[in-house]
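Subject: Structure for you to look over

Hello,

Here is the structure I promised. Please open it alongside this note; my findings follow below.

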Amino acid sequence: MYIENKNGLIDDRHSARIGWVRFSKTGNTVYYRNLVLNKIRGGGVRGNFEDATTGCEFWVSGVKKNGDNTHWAESVKVHIDEDAQGEYREITETKKR
């Protein structure tokens, strides 16, 4: 999944990451590394989830086949977690075939 902190950095180094997440049974909570992200009712201002601890808004979405996961008006560098790189390549290479 694509995870972007709309208010700053995720891990003191990156604003956006691609990595493995877990969803709660209802899909209203996303777990990524040490983050617990709760779905924002009504959509939020800039994101669709918020950090349960800090209230920072996050955008969480599926990985796009064309590899262009960020919003067109934003310029954030995306870090791909090491354990997700193979799957990410497979998804984006499918588009090129």
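**The core**

The largest nonpolar core has 10 residues: I3, I10, V21, V30, Y32, L35, L37, F49, F58 and V60. Three elements each give two or more residues to this core: β4 (29-32), β5 (35-39) and β7 (57-61). In soluble globular proteins, nonpolar side chains tend to be buried together. Please keep in mind that this is a predicted model.

I10 is a good place to start looking at the core. Leaving out residues up to four places away in sequence, I10 touches I3, Y32, L35 and F58, among others. Those four are core members, as is I10. The list for I10 also includes E4, N5, S15, A16 and R17.

**The sheet**

Next, the strands. Eight of them form an open sheet with mixed pairing. The order is β3-β4-β5-β6-β7-β1-β2-β8. β3 (22-23) and β8 are the edge strands, and each pairs on one side only.

Follow the sheet from β4 to β7:

- β4 and β5 are antiparallel and pair over four bridges. Y32 stands opposite L35 of β5, and both residues belong to the core.
- β5 and β6 (residues 49-51) are also antiparallel, with three bridges. Here K39 faces F49 in β6 as its opposite residue.
- β6 and β7 run antiparallel and are joined by two bridges. F58 in β7 is the bridge partner of F49. F49 and F58 are both core residues.

**The loop between β1 and β2**

Two residues in this loop deserve a look. One is S15, in the loop between β1 (2-5) and β2 (16-18). The S15 side chain reaches the backbone oxygen of G8 at 3.4 Å. Neighbours within four places in sequence aside, S15 is in contact with I3, E4, N5, G8, L9, I10 and V76. Two of these contacts, I3 and I10, are in the core.

The other is D12, also in the loop between β1 and β2. D12 is not a glycine, yet its phi is positive, near 70°. Is D12 buried or exposed? D12 is exposed, with a relative accessible area of 72%.

**The turn between β4 and β5**

A second positive phi turns up at R33. R33 lies in the loop between β4 and β5. The hairpin of these strands has two residues between them, and R33 takes a positive phi near 50° there. R33 is not a glycine either. R33 is exposed, at a relative accessible area of 56%.

**Salt bridges**

How many salt bridges does the structure hold? There are four. Three of them are described here.

E4 and K6 form one, with the closest N and O atoms 3.1 Å apart. Both of these residues are buried.

R17 and D81 form another, with the closest N and O atoms at 2.6 Å. This pair links distant parts of the chain: R17 is in strand β2, and D81 is in the loop between β8 (78-80) and α1 (85-96), 64 residues apart. Both R17 and D81 are buried.

D81 also forms a salt bridge with R33, and the closest N and O atoms are 3.3 Å apart. D81 is in the loop between β8 and α1 and R33 in the loop between β4 and β5, so this pair ties together parts that are 48 residues apart in sequence.

Why do the two ends of this bridge fall into opposite classes, D81 buried and R33 exposed? Buried means under 20% relative accessible area, and exposed means over 50%. D81 has 3% relative accessibility, so D81 counts as buried. R33 has 56%, so R33 counts as exposed. Through shared partners, salt bridges join D11, R17, R33 and D81 into one network.

**Where to look**

If time is short, open two views. For the core, centre on I10 and look for I3, Y32, L35 and F58, which are among the residues I10 touches. For the salt-bridge network, centre on D81, which bridges to R17 and to R33.

Best wishes

Methods. Residues are numbered from 1 along each chain as its sequence is written. This is a predicted model: local features need pLDDT of at least 70, side-chain atom pairs count only at pLDDT 80 or more; totals for chains, interfaces and linings use all residues. Side-chain values use heavy atoms; hydrogens and water are left out. A polar contact is a pair of N or O atoms within 3.5 Å; within protein, one must be able to donate a hydrogen and the other to accept it, and residues adjacent in sequence count only if both atoms are side-chain atoms. Contact means heavy atoms within 4.5 Å. A nonpolar core is a set of buried Ala, Val, Leu, Ile, Met, Phe, Trp, Tyr and Cys residues joined through side-chain atoms within 4.5 Å. Buried means under 20% relative accessible area, exposed over 50%, partly exposed in between (1.4 Å probe, protein chains only). A salt bridge is a side-chain nitrogen of Lys or Arg within 4 Å of a carboxyl oxygen of Asp or Glu. Two strands pair if DSSP finds at least two bridges between them.
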